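Trainee: I should like to examine this model with you and to test each term against its definition. May we begin with a single pair of residues?

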Amino acid sequence: MVNLKRGMPVIWKSRDVSRNKEELEVLLRRLPKWHAAYGQVEKDTYTETAGQGGEERFDHYFAASPVAFSHLMLHNVTLRSFRIFQLDSVMITPWCVYIFEIKNMNGRMEFRDGPVQMLQTRDDGTVIGRKSPIEQIAENEWLLGEWLGMRQISLPVRSVLVLSYTKQIAENVPASQPVIFSHQLPRFLNQLSVEPAIFSMVEMKSLAQALVKGLVIFQPRPICSNPRYPIDVMLRGVWCAGCNRLGMERRYGSWVCPGCGVSSKDAHLRTIRDWLLLTGEPMTNKKCREVLGVDDRRLVTRLLSDADLKRTGTHKGAKYLL
Ligand SMILES: [Zn+2]
């Protein structure tokens, strides 16, 4: 139930768990370190973790902000206009829609025109050219404007660039682009000048409902459908959350790690889920024995049927899916 008490921040839609991050974690566990793609997976994981950290920080400061005007906040909104576009956070107010674009990048960010791009100088001194977040903001404003227009909704769209930490140094930001740090969000919202209302609360809620209804839900593809990650090279074995090694052994009804000695009742669940995310194919008893490194058919039948999985077929033909 959404809290509509005046002064409290109102979150209409919260942020979902990132499937992308889970897939990268599966790859870090299952791809051998010698594999050509391993280094890129490490880099992607770093970027994904930083991005998620930046969003969590924004959400934290929003939740702590007293907001004196009517508003509805929606986190992580992916919509389809001429093409699919993703908005980090969207705040509906009676006079406009604000898009918050959240960036957590290390080092110095220099914004350039002609061509429009951003030069990022990382902490280690390397310089790379990136798509400018300001260009991305302009595209998102345009795409959301079109999305609203197709539904005969006329409410202006404005954007705020949010940098997660003050160690991020932004240079040459166009004066027309509002930029804040996450920790400045409460004061930014407090000082926002309230403009004459175009929308009533009823209309604001109906827009929030339309945004949720229009969300693009991705049907994730199996990780190994990407030829960069062939299933044949993926490492088998039960993963130990204690020391991040594979190869926990079954002893007296538990999984025990020969590396660090940690024992676990349900370590097989993560490993089965890893495998289902990798292949997208139903898990059979035989395949499961191979992946878990055990040869006890009856044990594996019990582990699979106790796991929270969808079962098709019976007895020897049983297969299990997420
Ligand atoms: Zn261990």
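Mentor: Let us begin with V97, which stands opposite V157 in β8. This is a predicted model, in which local features need pLDDT of at least 70 and side-chain atom pairs count only at pLDDT 80 or more, while totals for chains, interfaces and linings use all residues. Residues are numbered from 1 along each chain as its sequence is written.

Trainee: What makes β4 and β8 a pair, and how do they run?

Mentor: Two strands pair if DSSP finds at least two bridges between them. β4 and β8 are joined by 7 bridges, so the criterion is met, and they run parallel. The strands themselves are DSSP runs of E with at least two residues, whereas helices are runs of H or I with at least four, both numbered from the N terminus.

Trainee: How do β3 and β4 run, and through how many residues does the hairpin join them?

Mentor: β3 and β4 run antiparallel and share 4 bridges. In one of these strands, β4, I99 is the bridge partner of V90. The hairpin passes from β3 to β4 through 4 residues.

Trainee: Why is β4 called largely enclosed?

Mentor: A residue is buried if 20 or more other C-beta atoms, placed from the backbone, lie within 10 Å of its own; it is exposed if 12 or fewer do, and partly exposed in between. In β4, 5 of the 7 residues are buried, so the rest of the structure largely encloses this strand. For the protein chain of 322 residues, 26% count as buried.

Trainee: Which order do the strands of this open sheet take, and which are its edge strands?

Mentor: The order is β1-β2-β3-β4-β8-β10, with mixed pairing, in an open sheet of 6 strands. β1 (11-13) and β10 (179-181) are the edge strands, each pairing on one side only. Neighbouring strands here are turned by 35 degrees against each other on average, direction ignored. β1 runs parallel to β2 (residues 72-80) through 2 bridges, and K13 stands opposite L74 in β2.

Trainee: What makes α2 a helix that packs on the sheet?

Mentor: Contact requires C-beta atoms, placed from the backbone, within 7 Å. Helix α2 (residues 38-63) touches β2, β3 (84-92), β4 (97-103) and β8 (157-163), and its direction makes about 135 degrees with that of β4. Such angles run from 0 to 180 degrees between N-to-C directions, the axes being lines fitted to C-alpha atoms, for helices over the stretch in contact. The buried residues of α2 include G54, F58 and F62, and its buried residues pack against β2, β3, β4, β8 and α4 (185-191). Helix α3 (residues 133-150) also lies across β2, β3, β4 and β8, at about 150 degrees to β8.

Trainee: How do you know that the span of α2 is close to the expected one?

Mentor: The expected span is 1.5 Å times one less than the number of residues. For the 26 residues of α2 this gives 38 Å, and the span from first C-alpha to last is 37 Å, close to that value.

Trainee: Why do β7 and β9 count as edges of the other open sheet?

Mentor: That sheet has 4 strands in the order β7-β6-β5-β9, with mixed pairing. β7 (127-130) and β9 (169-171) each have a single partner strand, so one side of each lacks a neighbour in the sheet.

Trainee: Where are the domain bounds, and how far apart are the centres?

Mentor: The bounds, which come from an automatic or database domain assignment, are 11-213 for domain 1 and 236-321 for domain 2. Their C-alpha centres lie 38 Å apart, and the contact takes 4 residues from each of domain 1 and domain 2.

How values were computed
Two residues are in contact if their C-beta atoms, placed from the backbone, lie within 7 Å.
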